[in-house]
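Open the model in your viewer and keep the selection tool at hand. The stops below run from one interface to one pocket.

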Amino acid sequence: MIKTDNRISQLFERHEGSEKIMSLFLTAGYPDPEATVDLILGFEDNGVDMVELGMPFSDPLADGPTIQYSSNKAIEQGITMAKIMEIVERVREKSDIPIILMGYINPVLRYGVERFCQDAAKAGVDGLIIPDIPIEESGILSDQAEKNGLPIIYLVAPNTSDERMRKIDKASQGFVYCVSVTGVTGAREGDEVAQSVQRFIERVKANVTHNPKMVGFGIKSHEDAQRIAADMDGFIVGSALIDTIREHYPEQGWKDEVFAFVRDLKYGKR
Amino acid sequence: MKYDLPTKEGYFGDFGGRFVPEILIPVLEELEEAYNEAWADDTFREQFHHLLEEYVGRPTKLTYANRLTDHYGKAKIYLKREDLCHTGAHKINNAIGQILLAQRMGKDRIIAETGAGQHGVATATACAKFGVDCIVYMGAEDMERQKLNVERMRLLGTEVRPVTSGSQTLKDATNEAIRDWVTNVEDTFYIIGSVVGPHPYPKMVRNFHRVIGDETRRQLQEAEGRETPDHLLACVGGGSNAMGIFYPFIEDESVKMYGLEAAGLGADTDETAATLTIGQPGVLHGSMSYLLHNSEGQIQLAHSISAGLDYPGIGPEHSYLHDSKRVNYISITDDQAMEGVKLLSETEGIIPALETAHAVAYLDELMPKTSKDEIVVLNCSGRGDKDMGTISKNIDH
C-alpha cells in the first residue's frame with residue numbers, strides 16, 4: 001500500500017475543484033545538471049504540481065526525437081545515476097514538490113535495484129515510472145520499491161483491453177498514467193490526438209477506478225490539455241517543454257521564457 | 001536432459017521476458033497466440049516447408065570438407081551449407097516464416113531492421129515474393145558501408161529508411177523499427193532478424209531456423225550412420241544461425257557446442273562485440289540478456305570486422321546456454337576471422353561470409369584436440385560475396 005505521507009497521494013488528496021493537476025517531464029541533466037535543479041524549483045512557483053524526472057538512456061525506444069535529443073545531450077554532458085540522486089536531494093532542500101523518477105530499466109538494473117530504491121527514497125523521490133516494465137515483469141523491481149516506500153506507477157494505452165486496464169489499476173500506486181495515443185512520445189497536432197482519444201477516455205473512466213488518472217503523450221498547449229484531460233485528474237507534458245527549453249537555451253532570460261510557457265500551459269494565455 | 005525452454009512467460013532461466021512499453025503487450029500477446037496456432041497447424045508447416053524447398057532451395061547440403069579435414073589430419077569436418085540458400089545466407093528461413101505468419105494475421109505492412117543488410121535483403125526478398133509493402137530501417141552509417149545491399153533492397157521494391165539517431169548502426173535501426181511499430185501497431189508486422197527481442201521472438205525465430213539442425217541430423221545419419229556429431233560450431237552475433245543448428249542437438253549431451261562471437265580488435269579492447277565474454281546482464285530491445293554497457297547502463301558501441309556480428313547484445317537463449325555451460329562461447333578477433341576466410345577459400349573453394357569465418361577460425365584451436373574417429377560440423381551460415389570489399393581491404397596476399 002502507498003504510504004499516506006507520500007507526496008503524490010497527498011497531492012491528489014489535497015486537490016479539489018476543476019483545475020487540472022499538471023505534471024511536467026524533464027530530462028535530468030538537460031540542458032545541464034545545475035539548470036535542472038533551478039527549473040524544478042521555478043516550476044513550483046509557476047503552477048507545476050508534480051515533476052517526472054527522466055533518467056536518460058542511450059536507447060530510448062519509446063521516445064520521439066525530442067526526448068532522444070535531450071537524453072543524448074544529458075549523457076554527453078556526463079549525467080550519472082548518482083548525479084540524478086543529487087539533483088533530487090538539492091531540490092528537496094528547498095521544495096516539497098512530488099518528484100517521480102522516470103526511465104528505462106537498464107540503467108536502474110546496472111546501478112542495482114536495491115541500491116537504486118534505497119538511494120531514491122533517501123534523496124526524496126516519491127515514485128517510479130519505468131515504461132519498459134509492464135506488470136508481468138514487475139517482480140524485478142516491486143519488492144525493493146515496496147520496501148523503500150516507492151510507489152510504481154503503471155501505464156495504460158489505447159490498445160489496452162478493459163480487463164487489462166483493471167489489472168493495471170490494481171497494480172499501480174499513486175496514479176495511472178494514461179497514454180492517449182499509440183506511438184512514441186512527442187508533441188502532436190491537436191486533431192491527431194482528438195480523433196480516437198474520446199473512446200479511450202471513456203474506457204479508462206470505466207476501468208480505472210482505484211487510482212487518480214493522469215493523461216499524457218502529445219499534449220502541447222493549455223487548450224489540448226483542457227480538452228484531453230477534461231475527464232481526468234490531470235495531464236502530463238514532456239516533449240513540448242523540452243522543445244521550449246531547446247528553443248531558448250542558453251540565450252539571456254531563457255528560464256523566464258520556459259516559465260512563461262509553463263504558466264500558459266496551466267492557466268492559458270492571459 | 002529434457003529441454004523445453006522458454007517458459008510460458010518467455011524465460012530461458014533468468015533471460016528473455018517481455019520488457020516493452022504497454023502498447024506492445026497486446027501486440028505481442030496476439031503474435032504469440034497466432035504463432036502457437038500456426039506452428040501447430042499442419043497446413044502452415046507444409047506451406048512453410050514447401051517454400052523452403054521450392055524457393056529457398058532447401059535442404060541445403062552437408063558437404064564433407066575433405067581438404068580442410070586433411071589440413072588438420074584429425075576429426076572429419078562437415079560444412080552445413082547455409083551459404084547455398086537463396087540470398088546467400090540462412091536469414092531467409094526466418095523471413096519466409098514470419099511473412100507467412102504476417103499473412104495469416106492479416107497484417108499487410110512489413111517493417112524490419114538491418115545492420116549489414118542481410119536480414120534486410122532476406123525480408124525484402126520475401127516481401128517481393130508475396131507482393132507486400134516493406135520498409136527496412138538501416139543506420140545511415142551502415143548504408144554507407146553496405147551500399148550494395150541497399151541497392152539490392154531497393155531493386156526488390158523495398159523502401160530503405162536511413163536512421164540518423166544514436167550511433168547510426170544496427171541497435172539504432174532496431175530502436176527506430178520499434179518506434180515505427182508502436183506507432184502503427186494495428187496493421188504492421190515487425191520481422192525481427194535474429195533470436196533477440198521480446199517474447200515470443202527468440203523462440204519463434206529459433207524455430208523457423210531449426211530446420212538447419214534437423215536437416216543436419218538426417219544428413220549425418222545418411223553420410224556417417226550416426227545422427228550426432230562430436231563437435232558443433234557456429235558464429236554468434238544475435239545468434240540465429242547458431243540457435244538453428246544447436247537447438248535440435250541440445251538434449252544430446254555427447255555433442256559439444258561452440259558459439260564463436262566477435263572479439264573485434266580483442267575482447268580486452270573497447271573495439272569489440274564479445275558480449276558473452278565481457279558483457280553484463282541487462283535489458284535491451286525488449287529482453288534480458290548479456291549486453292555491452294558501461295557502469296551507468298548506457299549501451300556501448302560494438303565493433304567487429306563483420307557487420308552481422310556488430311551488435312552489443314545477444315539472444316537471451318544464448319545467455320542461458322552460456323550460464324548453464326551447455327555451449328562454450330569463445331571470442332575470435334578480426335585478424336583470426338580473416339585467416340578463416342583464407343583457409344576455407346583455399347582448401348574448399350568456398351568463400352565464407354566474415355561472420356561464418358569466425359567459426360572457421362576456431363578450428364585452429366579445436367582440431368588439434370580432436371581425434372580421427374570424431375566428427376565436426378560447422379554451420380557455414382553465409383557466403384562471402386557481400387564482404388569482398390572488406391576482405392580485399394584487409395587481406396595480405
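A salt bridge here is a side-chain nitrogen of Lys or Arg within 4 Å of a carboxyl oxygen of Asp or Glu. This is a predicted model, in which local features need pLDDT of at least 70 and side-chain atom pairs count only at pLDDT 80 or more, while totals for chains, interfaces and linings use all residues. Residues are numbered from 1 along each chain as its sequence is written, chains are lettered from A in the order in which they are written, and side-chain values use heavy atoms, without hydrogens and water.

Select Lys171(B) and Asp59(A): their side chains form a salt bridge, N to O 2.9 Å. The interface of chain B and chain A has two salt bridges by this rule.

Next, select the side of chain B that touches chain A. α1 (24-39), α8, β11 (280-284) and β12 (287-291) of chain B each give two or more residues to that side (helices are DSSP runs of H or I, at least four residues, and strands runs of E, at least two, numbered from the N terminus). α8(B) gives the most, eight residues.

Now show both sides. Chain B and chain A each put 36 residues into the contact (heavy atoms within 4.5 Å).

Last, go to the largest pocket (an open set of points on a 1 Å grid over the protein atoms alone, where a 1.4 Å probe fits, with protein on both sides within 12 Å along at least five of seven lines; lining residues have an atom within 4 Å of a point). Of its 35 lining residues, select Arg145(B), Gln146(B), Ile305(B), Ala307(B) and Thr390(B), which lie nearest the centre. Then colour α6 (140-145), α7 (147-155), α8 (170-183) and α16 (388-394) of chain B, each supplying at least two residues of the lining.
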